[in-house]
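Hi everyone, thanks for coming. Let me put today's structure on the screen, and then we'll walk through it together.

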Amino acid sequence: MLDVQKTAIDGVLIITPKRLVDERGFFVASYNADLLKEKTGIADNFVQDNHSMSIKVGTIRGLHYQAPPRGQSKLVRVLRGAITDVAVDARKGSPTYGRHVSVKLSAENGVQLYVPVGFLHGIAALEPHTEIAYKC
C-alpha cells in the first residue's frame with residue numbers, strides 16, 4: 001500500500017509506503033513498480049540505484065540536473081538521518097517553471113519524493129551521517 005500526495009507542482013509526488021511494525025522493528029516494500037504505476041501512473045524504467053552519505057549536518061548535494069536526452073526522474077528515500085529534499089521545475093514552458101517543492105524526508109517518517117524528468121534536484125542533510133538511496 002502507498003499513500004500518495006500531490007504537491008504544488010504537477011508531477012512531483014510525496015510517496016509513503018506502508019510500514020508493517022511489530023516488536024522486532026518494521027518491514028516496508030520501499031519500491032514496487034506495479035503498485036507505483038497503479039497508484040500514480042508512474043511507469044519509469046529505473047535503471048540505477050544510488051546511495052550517498054553526508055557526514056556533517058548542513059551538507060548540500062545539488063542542485064543536479066540531467067539534460068535531455070539523458071534526463072532522469074528520481075525516487076528518493078532516507079535510510080538513516082534526515083534531509084530537506086528540493087525539486088525545482090526547470091521545464092521550459094511549464095506554468096510552474098522556476099518554482100520549487102521542499103519536503104523533509106527521514107528514516108523515521110519513511111516519506112519518499114518522486115522528482116520527474118526536467119527538474120533540478122538537491123538535498124541538505126539535517127542530521128549527521130545521513131544516508132539516502134534513490135532510484136533514477
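So, how many helices and strands are there in the protein chain? There are one helix and twelve strands, taken as DSSP runs numbered from the N terminus, with H or I over at least four residues for a helix and E over at least two for a strand. From the N terminus on, the order is β-β-β-β-α-β-β-β-β-β-β-β-β.

A word on the source: this is a predicted model, where local features need pLDDT of at least 70 and side-chain atom pairs count only at pLDDT 80 or more, while totals for chains, interfaces and linings use all residues. Residues are numbered from 1 along each chain as its sequence is written, and side-chain values use heavy atoms, with hydrogens and water left out.

Now for strand β12, residues 130-135. Six of its six residues are buried, so the strand is largely enclosed by the rest of the structure; buried means under 20% relative accessible area, with a 1.4 Å probe and protein chains only. Thr 130, Ile 132 and Tyr 134 point one way from β12, and Glu 131, Ala 133 and Lys 135 point the other way. In a regular strand, side chains alternate between the two faces of the sheet.

Which strands pair with β12? Pairing here takes at least two DSSP bridges between two strands. Strand β5 (residues 49-54) pairs with β12 in the antiparallel sense over six bridges, and Met 53 stands opposite Glu 131. Strand β7 (residues 74-80) is also antiparallel to β12, joined by five bridges, with Val 76 opposite Tyr 134.

Notes
Buried < 20%, exposed > 50% of the residue type's maximum accessible area, 1.4 Å probe, protein only.
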